[in-house]
Amino acid sequence: MKITNFGSLNIDYVYGVDHIVREGETLETTGRSFFPGGKGLNQSIALARAGARVSHAGRVGLADGQFLIDYLKQSGVDVSHILTGGGATGHAVIQVDSKGQNSIFLYGGENHSITREDIDAVLSTLEPGDFLLLQNEISEVGYLIRRAGELGLKTAFNPAPFTDAVLGYALENVSYIFVNRIEAAALAGIPGEPDAGRILPRLEAAFPDAAVVLTLGSGGSILLERGERIYQDAVPADALDTTGAGDTFVGYFLSGILRGESSAQALKLAAAAAGVAVSRLGAAPAIPFLDELRELV
């Protein structure tokens, strides 16, 4: 059994700010850094650092994306399915405030140039029962989910950033769904940002055959799986930057599942890894290695 992550590849431009900029406000930053990023890349790095053998598929720009491929390769990720195109590599502009909270906007770039032909070429290398990991930062996600179901793959889906298109995807083909409170509310058809108590029954009814992981930041996480609810506390941490915490969580959880651990064990491991990640600056560079978590799990 192997896992392929067909996901985004971004350059993250991170700006330190005293507070997240408000409408009409001009704000001087306290610093600027850039890192490899994208939810796809981050989750592949998390899987690799957690000990999983992961292949990444996606697109970068020929002029500015090679360092992302190099970073993945150096991290132990198979990069043979990454293509280059003539457009710009996707990128994100990220504000991180003095409390470690963030605000992000994305430019898709080559992430939105992925074709069905690209997808079919990658999926042809997989076998029934293999894992396919997806986010919602690339083109043709709906096609990926549908074809994965037809081919008997186990799809894990993190529908971020959430769009109305997600509701039209063949989500009955998905085995694992990772959502935060806002994404969960949208999937459940509840407006706003309601408490978990209102969301959980809707998710259980909508996805009876999937494992749904609801992450709640400092409130921990909840796994819904075939009528069972498993609660996991967050690991206390001094938050410096929360940008890659969710991606760290996803990668580490799936690494546990791939090793044959129980869902509860995988949830505990993911919480520990996310707790370490938020205490560091950046997204991919902040993701811990498995050996760093020995005392936390």
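The following paragraphs describe a four-stranded sheet, several helices and selected residues of a predicted model.

Residues are numbered from 1 along each chain as its sequence is written, and side-chain values use heavy atoms, with hydrogens and water left out. Because the model is predicted, local features need pLDDT of at least 70 and side-chain atom pairs count only at pLDDT 80 or more, whereas totals for chains, interfaces and linings use all residues.

Helices (H or I, at least four residues) and strands (E, at least two) are DSSP runs, numbered from the N terminus. An open sheet of four strands follows the order β3-β2-β6-β7 with mixed pairing, where two strands pair if DSSP finds at least two bridges between them. The edges are formed by β3 (31–37) and β7 (102–107); each has a single partner strand, so one side of each is left without a neighbour in the sheet. On average, and with direction ignored, neighbouring strands of this sheet are turned by 20° against each other. Strand β2 (residues 10–16) pairs with β3 in the antiparallel sense over seven bridges, and Asp12 stands opposite Phe35 in β3.

Helix α2 (residues 66–74) lies across β2 and β3 and runs at about 65° to β3. Axes are lines fitted to C-alpha atoms, for helices over the stretch in contact, and angles run from 0 to 180 degrees between N-to-C directions. The axes of α1 and α2 come within 10 Å and cross at roughly 20°; α1 and α2 are therefore roughly parallel to each other, a class that comprises angles under 35 degrees. The crossing of α1 past α2 is left-handed, meaning that the near helix is turned anticlockwise from the far one by less than a right angle, with clockwise denoting right-handed. At this interface, Leu41, Ser44, Ile45 and Arg49 in α1 meet Leu68, Tyr71 and Leu72 in α2, contact being defined as heavy atoms within 4.5 Å.

Gln43 belongs to helix α1 (residues 39–49). At 0% relative accessibility, Gln43 counts as buried, the classes being buried under 20% relative accessible area, exposed over 50% and partly exposed in between (1.4 Å probe, protein chains only). Not counting residues up to four places away in sequence, the residues touched by Gln43 include Asn5, Leu133, Asn158 and Asp247. The side chains of Gln43 and Asn158 make a polar contact (3.1 Å); such a contact is a pair of N or O atoms within 3.5 Å, of which, within protein, one must be able to donate a hydrogen and the other to accept it, and residues adjacent in sequence count only if both atoms are side-chain atoms.

Helix α3 (residues 116–123) contains Asp118, which counts as buried at 14% relative accessibility. A polar atom of the Asp118 side chain lies 3.0 Å from the backbone nitrogen of Thr115. Leaving aside neighbours within four places in sequence, Asp118 is in contact with Phe6, Arg59, Leu83 and Ser113. Helix α3 packs against helix α4 (residues 141–150) at an angle of about 30°, with their axes 11 Å apart; α3 and α4 are therefore roughly parallel to each other. The crossing of α3 past α4 is right-handed.

In helix α5 (residues 181–188), Glu183, Ala184, Ala185, Leu187 and Ala188 are buried. The cover over the buried residues of α5 includes β10 (174–180), α6 (196–206) and β11 (211–215). Asn180 caps the N-terminal end of α5, with a side-chain oxygen 3.2 Å from the backbone nitrogen of Ile182. Just after α5, Gly189 adopts a positive phi of about 75°.

How values were computed: Angles under 35 degrees count as roughly parallel, over 145 as roughly antiparallel, 65 to 115 as roughly perpendicular and the rest as oblique.
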